[in-house]
Amino acid sequence: MILSKGFWQTYKEVPADATIASHQLMMRAGLIHKSAAGLYNYLPMGYRSIRKVEQIVREEMDKAGCYEMLMSVVTPGELWQETGRWEKMGGEMLKFKDKADRDLCISPTNEEAITDVFRKTIKSYKDLPLSLYQINTKFRDEIRPRFGLMRGREFIMKDAYTFHATKECLDEVYDRMYEAYENVFNRLGLEFSAVVADGGAMADGDAKTHEFQVIADSGEDAIIYSNEANYAANIETAKTIRKVESAAKTGSMAEVSTPGKATIKEVCEFLKKNEFHSLKSLVYKARNDEEEKFILVLLLGDDELNELKLEKVYPGYEVTTATDTELKALGLIKGFIGPVEISNLDIVFDTQVDLNAAYVVGANKLDMHLENFVPKEVIKQIKTADLRLACSGDYTVDGKHQVELKRGIEVGHIFQLGDKYTKGMDATILDQNGKAMAPLMGCYGIGVTRLVAAAIEQNHDENGIIWPAAIAPYNVSFVAIVKSEEYKEKANELYKTLINSGLEVVYDDRKAGPGFKFKDADLLGLPLQVVLGERDHKEDGMLEIRIRRSGEKIKVSQEDLISKVNELLKEL
């Protein structure tokens, strides 16, 4: 690209609605253009990076045995109605009707569409496994679109779907796709973690599911990890343990006055106890179509409840926090709730609670607590579950490795869907015995445009973007600081030499000062800058290569330029 003839514009001002680095830099560096809330046009510089990500994804999907197709962006509502998701997706789905009054939507995801293709084409287990993928536009009508391409309404996504006759086959292909995802992110040159995740409504029961997170300080997701243990999990699903000393019983269980002390911190300071020598009492309501019950959850005093884990203890129930009105109806006093003499609630202890140790708990009386409460001595039937929210400083479940917390941006998610969609849409094949069966499915997504934004979140400085070489719009910024006609011609010839060598080059031939050109080059953040400075070249006959990531400057002759540039690009 020759800038004096190309389409590229940079901006000094940060857009008012851009609050994270990737959004700010993509707007300022002329990669995207906002057309409406959550809707962006991909400008030439940005679109080149998007296409490079797509190509890497495409190559790894093909290696994994997937076949590329392209589904329609608009899908019939009747497919979604078969699975019940027409209503469940709610306002996130953009619905409309055609001239024949048929329900349609802009696809937010494509499980129904691909299952419809499958059921109309595949009839036997002999045709499995089958792996199909597409790279296509999706639309989700986010209530609060924000962060540029990170959480827009329209986006480009790679979604793959696999079909299997057996769980063993599904596991085998899932592992192959997992490896393909690792290859994608390694080729992109990004620091990432593959973390054990929760599939929510998508995954089937305890089926495998992993998130792929690009590590960035601005990430919305918290990851618990230990490099030594090779363990990483989303904080919502992480299983860890604490190493704290349990308190021994010092006397009989007895009430103690705690006037006005309704929080763990207040009570423990008043009684001169460690917070983990008290138990936090939380009341939740579990409800399904048939019944409603209340749950008393007990955790170490300084732990937090992971509500997702509690929901898994009560599958099929909607679990919500009990309201003040409900607590009052149960005869419970907020701030003084405990497990003693409770008969109308399920009681569940977190597994971190030492059932033989002594704790401070609420006495179910205003301004009163109990000391020397030992769970095994008081509660006849004890139910335990892993309920606490993992924290930095915890240990892996074997107690050998301490874990840390880092932040990540989810850019990929893989699921084992089971037969949820094939059963829901009556998609069957004949098994080895000639009997109809619903095949198992896997689902594998990568947010392509989100990935470009995440790469910038991880790779930038105060001057602009620092592109990983694999997905930079171009390889080289060629900056010519020349005035004479002789050196203008020399610059043009050098540009042709760079292009003819196979390099992708942005040639800044604009009539602007060196400071302006270098600022734009840093803002765009291509891996290398090649500088032809007329004054310096007259003195030593050398060119300068600047490495964007490190700021290092290297002098090189024109004869060695191409080989040196290629050598540096391989290292970046």
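The exercises below work through a predicted model of a single chain, each with a solution in steps.

## Exercise 1: The chain as a whole

Describe the overall extent, the secondary structure and the domain assignment of the chain.

Solution.

Step 1. Begin with the dimensions: along its principal axes, the C-alpha trace spans about 95 × 65 × 45 Å, and 53% of the 572 residues count as buried.

Step 2. Turn to the secondary structure, where the chain holds 16 helices and 33 strands. Among the contacts with a separation of 6 or more, 69% come from residues 24 or more positions apart.

Step 3. Read off the domain assignment, which places 21–239 together with 406–457 in domain 1, 254–385 in domain 2 and 474–571 in domain 3. The C-alpha centres of domain 2 and domain 3 are 67 Å apart.

## Exercise 2: The surroundings of Asn 364

Determine in which strand Asn 364 lies, whether Asn 364 is buried or exposed, and which residues are in contact with Asn 364 once neighbours within four places in sequence are left aside.

Solution.

Step 1. Locate the residue: Asn 364 belongs to strand β19, which covers residues 359–365, and 6 of the 7 residues of β19 are buried.

Step 2. Classify the residue itself, for which the cut-off for buried is under 20% relative accessible area; Asn 364 has 17% relative accessibility and therefore counts as buried.

Step 3. List the contacts, which, with neighbours within four places left aside, are Leu 332, Ile 333, Phe 336, Ile 337, Gly 338, Val 340 and Ile 342. Within this list Gly 338 deserves a second look, since a polar atom of the Asn 364 side chain lies 3.0 Å from the backbone nitrogen of Gly 338.

Step 4. Place β19 beside its partner: β19 pairs with strand β20 (residues 368–373) in the antiparallel sense over 4 bridges, and Tyr 359 has Phe 373 in β20 as its bridge partner. The two strands form a hairpin with 2 residues between them, and in that turn Asp 367 has a positive phi of about 65°.

## Exercise 3: Aromatic pairs and charges over rings

Describe the cluster of rings that contains Tyr 181 and Phe 212, and identify rings over which the charged end of a lysine sits.

Solution.

Step 1. Start from the total, as the structure holds 10 aromatic pairs. One of these joins Tyr 181 and Phe 212 in a tilted arrangement, with 5.1 Å centre to centre and 45° between the planes.

Step 2. Relate this pair to the chain: Tyr 181 is in helix α6 (residues 167–187) and Phe 212 is in strand β10 (residues 209–215), so that the pair links distant parts of the chain, 31 residues apart. Both Tyr 181 and Phe 212 are buried.

Step 3. Examine Phe 185 and Phe 192, whose ring centres are 5.4 Å apart and whose planes stand at 40°, so this pair is tilted. Phe 185 is buried with a relative accessible area of 0%, while Phe 192, at 19% relative accessibility, also counts as buried.

Step 4. Assemble the cluster, in which ring pairs link Tyr 178, Tyr 181, Phe 185, Phe 192 and Phe 212.

Step 5. Finish with the charges: the charged end of Lys 243 sits over the ring of Tyr 395 at 4.1 Å from the ring centre, and that of Lys 406 sits over the ring of Tyr 225 at 3.8 Å from the centre.

## Exercise 4: Ala 18, helix α1 and helix α12

Establish how Ala 18 and helix α1 are placed, and which elements pack against the buried residues of α1.

Solution.

Step 1. Ala 18 lies in the segment before α1 (21–28) and is buried, with a relative accessible area of 6%. Beyond its neighbours within four places in sequence, Ala 18 is in contact with His 23 and Gln 24.

Step 2. Helix α1 is mostly covered, with 7 of its 8 residues buried, namely Ala 21, Ser 22, His 23, Leu 25, Met 26, Met 27 and Arg 28. Just after the helix, Gly 30 takes a positive phi of about 70°.

Step 3. The buried residues of α1 pack against β1 (32–36), β2 (39–42), α12, β27 (460–461), β28 (464–465) and α14 (514–524).

Step 4. Of these elements, α12 (residues 448–458) is itself mostly covered, with 10 of its 11 residues buried, including Arg 450, Leu 451 and Glu 457.

Notes. Residues are numbered from 1 along each chain as its sequence is written. This is a predicted model: local features need pLDDT of at least 70, side-chain atom pairs count only at pLDDT 80 or more; totals for chains, interfaces and linings use all residues. Side-chain values use heavy atoms; hydrogens and water are left out. Buried means under 20% relative accessible area, exposed over 50%, partly exposed in between (1.4 Å probe, protein chains only). A polar contact is a pair of N or O atoms within 3.5 Å; within protein, one must be able to donate a hydrogen and the other to accept it, and residues adjacent in sequence count only if both atoms are side-chain atoms. Contact means heavy atoms within 4.5 Å. Domain bounds come from an automatic or database domain assignment. Two strands pair if DSSP finds at least two bridges between them. Rings of Phe, Tyr and Trp (its six-membered ring) pair if their centres lie within 6.5 Å; planes under 30 degrees apart count as stacked, over 60 as edge-to-face and the rest as tilted. A charge sits over a ring if NZ of Lys or CZ of Arg is within 6 Å of the ring centre and within 35 degrees of the ring normal.
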